[in-house]
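Please read this report alongside the sequence and the coordinates. It takes up confidence, helices, rings and backbone in turn.

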Amino acid sequence: MSAIAQQHAIQTGRGSLAGRVSDFLWKHPHVFLTILLGPPLLWLGIIYLGSLLALLLQSFFSIDDYSGLINYEFTLATYRQLLNDANFDIIIRTILMAAIVTLFSAVIAFPIAYYAARYARGKWKAIFYLGVMLPLWSSYLVKIYAWKLILAKEGILTWLVTKLNLLWLLDAWLSLPVIGGNSLSVSYTGTFIVFVYVWMPFMILPIQAALERVPTNLIEASSDLGGTPQQTFRHVLFPLALPGIVAGSIFTFSLTLGDYIIPQIIGSSRLFIGQAVYAQQGTAGNIPLAAAFTVVPIVIMGLYLWMARRMGAFDAL
Amino acid sequence: MRSDKSASAPFGLKIAAAGGLLFLHLPLLLIFLYAFTTEEKSYQFPPPGLTLKWFAVTWERADVWQALWLSVRVASISTMIALVLGTLCAAAVSQTRFFGRETISLLVILPIALPGIITGIALRSAFSLADIPFSFWTIVLGHATFCIVVVYNNAVARFRRVSGSLMEASMDLGANGFQTFRYIILPNIGTALLAGGMLAFALSFDEVIVTTFTGGQQSTLPIWMLQELIRPRQRPVTNVVAMVVVIVTFLPILGAYYLTRDGDQIAGSGK
């Protein structure tokens, strides 16, 4: 209090309007804070949280089977519908896909992140960084399109496999139940590859950030004490990188959970959560069921974020 | 023996890292090849021939230009809104202490942490509840919401590095708050804001999931592209557009990288 008063005794030359306004804000930090925070909070609170809550509320309504109109009475019937066989299958399928995509993303991302964190220096560090950032930021649809070109029956992959005389292997893979199909672009395998391709870059930077904090002498100490590279990886490197992996998996998992465009363009006709939401709100006009479907990823991601927080993953973001 | 290993990477690691990066980049390179193919009906590889014809055809297509123009307008306005809101929020969070700061960060991140389809359908149902017809502005509303976080992240990171004593010095020398903002804060956070703005622009320019829900009849460039992916009309034109989109989105990313790469050397932090 006295510090502020003192400062005022010195500064007398702020007679202008701007000066008086800024003095007023300095003396009333709460007003200042309100002015700073007000617009963004109003925007996010009304437009974003408001719509989100409105959507969640609608999941407690139901749709009249005969008229197709929304019945505005509180009910849990819509949630019960989520658990019928067809819808439950969709949920399990999506979660499984998200888990496998996350696992493979971590496996592919780890060496890139490790090399960039430990061995790349100077120019190479920049090349690695841009090498990850450019595909991460380049157009989502163009990336999917690129894979449509690759996986098409007449595309580059079939050409390559034929040149290598491995066509029998591809055919054998495609004839497998569930993961196979007429061609890769209409199979689960294709959906999986594209998911990994599109979301894997999000895994690299958090792992790299976690690995950069691992002191080199820890790894040297481990090998000095007779640890083989495998043991060093299992007992030193991996546990220390885990928060980064979990942080990256937040993105790969969440983004796979909610995606509806990739399985629609490259995939079989069996639905994922995102597609179910899209179909329910669009052609079926069943907003309550669509809303109930969106609650599934929200709850899963809520639990996931809570677990990630406990593992210290947010420090690696 | 072992200490030699730390100098250069094990062979297996090199292969795995290079393989991972190739996996990320080869598909994008393929887009460049296909823009020149003479094949019209399929995605045949190798292309039977190369031509520049489709660039001219694409240039003449009014629908592509319309979609591009809409995307540019949406991205510009969303970026401007996000710049204002994101900077305000970042300033509040980094310059002051108050109850619930953590919650604010979470709130800002939520629109991109939750799957886009949730944001999209929530906005769509809110628009229909409030009887707001779909228009240019409904697209902007959605885009600005998830662009805030990009600006916010960049600005917060930079604010953290701008030393508080610089602002106090400015005030002590008689500058009022607005002058301090104009001459001290803005030059320090300027490049971070520019970088955040570029990334926000790139994010909005490329957004498709939320836009399908808030867009109504008009199509942005990604919506146009999505329609071509679901029901191809003229594949070579799509190939050319895809290549142009790759090039256009690379520019802001490179720009943002060069603007923030020297971010560690900020005036007032070297003490």
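The sections below describe selected features of this predicted model.

## Confidence

The predictor gives the complex a pTM of 0.84 and an ipTM of 0.82. Chain B has a mean pLDDT of 81. In that chain, 94% of residues reach 70 or more.

Confidence varies among the elements of chain B. Helix H2(B), residues 11-34, has the highest mean pLDDT, at 88. Helix H1(B), residues 2-5, has the lowest, at 42. Residues 1-6 of chain B have pLDDT below 50, and this stretch makes nine contacts in the model beyond near neighbours in sequence. Residues 264-271 of chain B also stay under 50. For these residues the model has 14 contacts beyond four places in sequence. Where pLDDT is low, the predicted coordinates should not be read in detail.

## Helix H2 of chain B

How far apart are the end C-alpha atoms of H2(B)? They are 34 Å apart. The helix has 24 residues, so at 1.5 Å a residue it should span 34 Å, and the two values agree.

H2(B) nevertheless has a kink of about 30 degrees at Phe23(B). The proline Pro27(B) follows shortly after. Pro27(B) is one of the buried residues of H2(B). Others on that list include Leu13(B), Ala17(B), Gly20(B), Leu21(B), Leu24(B), Leu28(B), Ile31(B) and Tyr34(B). An α-helix has 3.6 residues a turn, so residues three or four places apart point the same way.

## Aromatic rings and charges

The count over all chains comes to 27 aromatic pairs. One of them joins Phe233(A) and Phe238(A), with ring centres 5.9 Å apart and planes at 45 degrees. That pair is tilted. Phe233(A) has 34% relative accessibility, so it counts as partly exposed. Phe238(A) is also partly exposed, at 34%.

Both rings belong to a cluster linked by ring pairs. Its other members are Phe110(A), Tyr114(A), Tyr115(A), Tyr119(A) and Phe128(A).

In chain B, two arginines lie over rings. The charged end of Arg73(B) sits over Phe136(B), 5.0 Å from the ring centre. Arg182(B) lies over the face of Tyr183(B), at 4.9 Å from the ring centre.

## Two residues and their neighbours

Ser222(A) lies in helix H12(A), residues 216-224. Is Ser222(A) buried or exposed? Its relative accessibility is 14%, under the 20% cut-off, so Ser222(A) counts as buried. Beyond four places in sequence, Ser222(A) touches Gly227(A), Thr232(A) and Val236(A).

Phe178(B) is in helix H9(B), residues 177-206. At 45% relative accessibility, Phe178(B) counts as partly exposed. It touches Ala18(A), Val21(A) and Ser22(A). The C-alpha atoms of Phe178(B) and Pro10(B) are separated by 56 Å. Along the chain, these two are 168 residues apart.

## Positive phi in loops

Most residues other than glycine have a negative phi. Which residue has a positive phi of about 60 degrees although it is not a glycine? Asn165(A) does. It sits in the loop between helices H8 (156-163) and H9 (167-174) of chain A. Asn165(A) is exposed, with a relative accessible area of 61%.

Asp131(B) is another non-glycine case, with a positive phi of about 55 degrees. Its loop runs between helices H6 (116-129) and H7 (136-161) of chain B. Asp131(B) has a relative accessible area of 67%, over the 50% cut-off, and is therefore exposed.

Key. Residues are numbered from 1 along each chain as its sequence is written. Chains are lettered from A and ligands numbered from 1 in the order in which they are written. This is a predicted model: local features need pLDDT of at least 70, side-chain atom pairs count only at pLDDT 80 or more; totals for chains, interfaces and linings use all residues. Side-chain values use heavy atoms; hydrogens and water are left out. pLDDT is the predictor's confidence in each residue, from 0 to 100. Helices (H or I, at least four residues) and strands (E, at least two) are DSSP runs, numbered from the N terminus. Contact means heavy atoms within 4.5 Å. Rings of Phe, Tyr and Trp (its six-membered ring) pair if their centres lie within 6.5 Å; planes under 30 degrees apart count as stacked, over 60 as edge-to-face and the rest as tilted. Buried means under 20% relative accessible area, exposed over 50%, partly exposed in between (1.4 Å probe, protein chains only). A charge sits over a ring if NZ of Lys or CZ of Arg is within 6 Å of the ring centre and within 35 degrees of the ring normal. The expected span of a helix is 1.5 Å times one less than its number of residues. The bend at a residue is the angle between axes fitted to the seven residues ending there and the seven starting there.
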